[in-house]
Amino acid sequence: MAERERPIHPDEPRLEELAREGRVIGYFGYGSLVNKRTLRTKFLGIRRAEVRGWRRAWLPRKGQSMALLSVRPEDEALTQGVVVYDLADHLPAVDEREAAYHRRVVMPDHVTIRGGALRDVPLFIYEGKPEQPDAAQTGAAILQSYLDAVLQGFLSLYGDAGLRRFISETDGFRTAILQDRASPLYPRPVTLADGEAELFDRLVLEAGARFMSVS
């Protein structure tokens with residue numbers, strides 16, 4: 001059952017009307033989408049949420065030495081994140097942005113949406129290949145500028161406990177972190193608040209990651 005809480009961002013005023021007209025879809029964000037500063041398209045609404053049946057993992061990108069953040073099926077896993085409500089017409093653009101993933105349907109009983117869930121709105125999640133080894137097994141590196149955006153988002157929405165939960169419940173952290181913070185390679189970098197860089201670095205080192213300089 002959805003729990004009521006204040007939305008984390010003002011809704012589009014016509015959100016409920018558009019939903020009744022069948023013009024709204026939702027997708028579950030478990031990485032950079034948790035940080036609203038990375039959202040470039042105009043979304044209709046965003047809610048804290050938790051999905052059951054998927055677990056996060058850093059997976060190697062096809063044909064590259066870098067890792068991407070994904071989810072893999074795991075029956076009893078609970079993953080925190082957000083549900084983004086968007087126009088159905090924008091779904092092809094989201095599919096293009098998430099081209100490295102498979103789009104899957106999330107059934108209503110597998111998600112808890114806080115702050116007012118919309119009825120009868122299709123909900124999707126973007127999933128990596130479940131059989132793929134994680135980044136720690138393949139040695140794929142994590143981009144620090146992307147990781148910063150993700151960790152800042154979880155700290156903002158879920159506090160210190162949520163930040164630590166993200167790290168402890170994500171497979172593949174025992175790999176290299178490419179230190180591109182000074183000259184971000186991630187196309188939607190964020191500005192960190194005082195103390196965030198030191199906190200994030202300490203926590204990922206405790207999780208078994210190691211830093212690698214940009215050559």
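Which residues line the largest cavity? Here are three close-ups of a predicted model to help you find them.

**View 1. The open sheet β7-β8-β9 has three strands.** The pairing here is parallel, and the strands sit in the order β7-β8-β9. Look to the edges and you'll find β7 (142–143) and β9 (210–213). Each has a single partner strand, so one side of each goes without a neighbour in the sheet.

**View 2. β7 runs parallel to β8.** Zooming in on this pair, you'll see β7 joined to β8 (residues 176–179) by two bridges. Ile142 is the residue to look for here: it stands opposite Ile177 in β8. Keep Ile177 in mind, since this residue turns up again in the lining of the largest cavity.

**View 3. The largest cavity holds about 40 Å³ of space.** Searching the whole structure turns up one cavity of 30 Å³ or more. And here is the full lining: Gln144, Leu147, Asp148, Leu151, Ile177, Arg181, Phe200, Asp201, Val204 and Phe211. Which helix gives the largest share of that lining? That would be α4, with four residues. Both α4 (144–168) and α5 (196–206) supply at least two residues each. Sorted by class, the lining comes out as six nonpolar, one polar and three charged residues. Among the names to pick out are Asp148, Arg181 and Asp201, along with Phe200 and Phe211.

Methods:
Residues numbered from 1 in each chain as written. Predicted model: local features only at pLDDT ≥ 70, side-chain atom pairs only at ≥ 80, totals over all residues. Heavy atoms only, no water. Pairing = 2+ DSSP bridges. 1 Å grid on protein atoms, 1.4 Å probe; cavity = no way out; pocket = protein on both sides within 12 Å on 5 of 7 lines; lining within 4 Å. Points joined across faces, edges and corners; volume = space filled by probe spheres on them. Nonpolar A, V, L, I, M, F, W, Y, C, P; charged D, E, K, R; others polar.
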